[in-house]
Amino acid sequence: MIDKNLQSGKLFAKFLAISFLFGVTLTSCTNTTDNQEETTEPAVEAVQDTVTTEYGIVTDNLDKVEGVLQNGQNLSSLFSSLGISAVTAYKMQFLPDSVFDVKKLQAGKRYIVYYDNASDTLHSALENPKYFVYQNSLINYTVVEIGDSLKAFTYRKPVEIKERVSSAVIESSLWNAITKNNLNISLATDMSDIYAWTIDFFGIQKGDGFTVYYTEQYVDGECIGVGNIMAAAFKHNDSTYYAFKYDTLTHHGYWDGNGNSLRKAFLKAPLNFKRISSTFTYTRRHPIYKTVRPHTGVDYAAPAGTPVWSIGDGKVIFKGYKGGGGNTIKIKHNSVYSTAYLHLSGYAKGLKVGDTVKQGQIIGYVGSTGASTGPHLDFRVWKNDTPVNPLTLESPEAEPLPDDCKPAFNSIRDKFMEKLTAK
């Protein structure tokens with residue numbers, strides 16, 4: 001009898017203790033000011049396990065194999081070497097192209113396969129693939145979860161943006177100046193695009209130079225390229241040409257210090273050429289006909305197949321073979337200007353008379369058709385149906401920024417100018 005009472009007392013005491021603990025717990029969540037004396041015992045700190053993630057997946061208990069896609073290797077052969085079934089390779093082709101397009105696999109791209117290392121140790125460590133990761137670019141990856149059905153998503157690596165201001169003096173060419181100063185080579189292309197309507201980069205002189213304010217993109221601490229050029233000052237022929245990036249919903253691009261667009265109606269040249277082999281003249285001795293006759297165009301020597309683009313927006317009004325000019329395209333840009341591109345080896349696919357073309361759009365390729373002694377482009381311009389020299393053509397300017405945009409533009413211009421002049 002005494003033992004039973006003692007046991008009952010112990011049980012009751014345990015019940016009270018448990019009730020007390022639950023009471024304290026509930027009270028501590030709902031009212032932190034009550035029962036302060038009862039919470040003097042040290043709290044037990046919860047220990048949270050750390051989780052390792054890569055490419056948006058938890059990689060704890062996973063082993064990985066990395067590699068590079070080889071020339072001639074397709075998905076089936078790759079998966080076979082990695083222990084992934086042919087059925088999985090077959091299912092891959094039904095994934096949405098926007099996530100993973102098996103037809104666009106490229107040699108040289110990285111891949112990673114994650115395997116479950118918590119499976120039966122009697123089996124091979126590479127017998128249970130769980131994820132396949134494919135590098136679409138330095139930033140974007142496709143992750144495929146392997147199972148009875150496939151699940152795929154795109155993973156984007158975090159990109160760090162860093163601002164930078166760089167300067168260089170040109171001794172021979174823009175390209176050489178950038179490489180000599182260990183700058184990103186993309187700056188040469190980007191600045192050539194920005195100043196395409198302002199500076200003839202084939203006329204760069206020793207002593208010219210630039211200062212450029214721009215951003216660079218970094219992934220995993222490694223620079224992967226130039227982001228945006230925000231502002232630049234390019235010194236050429238004792239003049240300085242400024243470019244400031246400014247975008248609104250209706251206006252975008254690069255502008256000079258007064259808000260005038262750097263984009264002109266025409267590009268300086270219709271192709272990347274090696275040299276000018278013949279200039280605009282009315283007294284040239286023709287190399288084939290051996291007679292003196294006008295040459296109202298400019299000949300740009302370039303390898304056969306070099307892309308040729310329209311120097312401005314317009315409409316194709318002629319496409320075909322035209323006597324000594326060979327394969328020719330003529331474009332009417334507006335009521336004043338038209339251009340022609342002669343001796344082409346071929347035309348852009350699908351291009352036809354009546355098509356509207358954009359500035360910089362490829363329309364054909366350098367050739368040597370017609371009366372020609374070698375591959376080159378004979379480029380011609382007419383103003384009000386009168387031939388004009390393409391090299392001295394005064395290109396009409398695009399519309400400047402409207403007055404209501406000027407205050408905001410001026411503010412940004414001044415901030416960018418501070419960056420350029422602080423260098």
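Modeller: Let us begin with a term. A salt bridge is counted where a side-chain nitrogen of Lys or Arg lies within 4 Å of a carboxyl oxygen of Asp or Glu. Please keep in mind throughout that the structure above is a predicted model.

Biologist: How many salt bridges does this rule give?

Modeller: The count comes to 12 salt bridges. In one of them, the side chains of Lys352 and Asp355 meet, with N and O 3.2 Å apart. Lys352 is partly exposed, its relative accessible area being 48%.

Biologist: Which residues are joined into one network by salt bridges that share partners?

Modeller: The network consists of Glu54, Lys64, Glu66 and Arg110. Within this group, Glu66 and Lys64 form a salt bridge at 3.8 Å from N to O. Glu66 has a relative accessible area of 44% and is partly exposed. Lys64, at 39%, is likewise partly exposed.

Biologist: How should I read the accessibility of the two partners in another pair, for example Asp101 and Lys103?

Modeller: The general idea is a pair of cut-offs: a residue is buried under 20% relative accessible area and exposed over 50%. Now apply them to Asp101 and Lys103, whose closest N and O atoms are 3.2 Å apart in a salt bridge. Asp101 stands at 12%, so this residue counts as buried. Lys103 stands at 67%, so this residue counts as exposed.

Biologist: May we turn to strands? Is strand 5 largely enclosed or open?

Modeller: One reads this from its residues. Strand 5 covers residues 129–135, and six of the seven are buried, so the strand is largely enclosed by the rest of the structure.

Biologist: Which strands pair with strand 5, and in which sense?

Modeller: Strand 4, residues 110–116, runs antiparallel to strand 5 and is joined to it by five bridges. Ile112 stands opposite Val133 of strand 5. Strand 6, residues 140–145, also pairs with strand 5 in the antiparallel sense, over five bridges. There, Phe132 stands opposite Val144 of strand 6.

Biologist: What joins strand 5 to strand 6 along the chain?

Modeller: A hairpin makes that connection, passing through four residues.

Biologist: How does one read a helix, such as helix 6?

Modeller: One may start with its span. Helix 6 runs over residues 406–422, which is 17 residues, and reaches 24 Å from its first C-alpha to its last, close to the 24 Å expected at 1.5 Å a residue. Next, one looks for buried residues: in helix 6, Phe409, Phe416 and Leu420 are buried. Seen down the axis of helix 6, the buried residues fall within an arc of 55 degrees, so they line one face of the helix.

Biologist: Which residues are exposed on the face turned away from the buried side?

Modeller: That face of helix 6 carries the exposed residues Pro407, Lys415, Glu418, Thr421 and Ala422.

Biologist: What covers the buried residues of helix 6?

Modeller: The cover includes strand 9 (209–219), strand 10 (222–236), strand 11 (239–245) and strand 12 (254–255).

Biologist: Finally, how does one describe the surroundings of a single residue? Where does Asn327 lie?

Modeller: Asn327 lies in strand 19, residues 327–332. With a relative accessible area of 14%, Asn327 is buried. One then lists its contacts, not counting residues up to four places away in sequence; among them are Gly320, Tyr321, Tyr341, His343, Tyr347 and Thr369.

Conventions. Residues numbered from 1 in each chain as written. Predicted model: local features only at pLDDT ≥ 70, side-chain atom pairs only at ≥ 80, totals over all residues. Heavy atoms only, no water. Helix = DSSP H or I, 4+ residues; strand = E, 2+ residues; numbered from the N terminus. Expected span 1.5 Å × (residues − 1). Buried < 20%, exposed > 50% of the residue type's maximum accessible area, 1.4 Å probe, protein only. Arc of directions from axis to C-beta. Contact = heavy atoms within 4.5 Å. Pairing = 2+ DSSP bridges.
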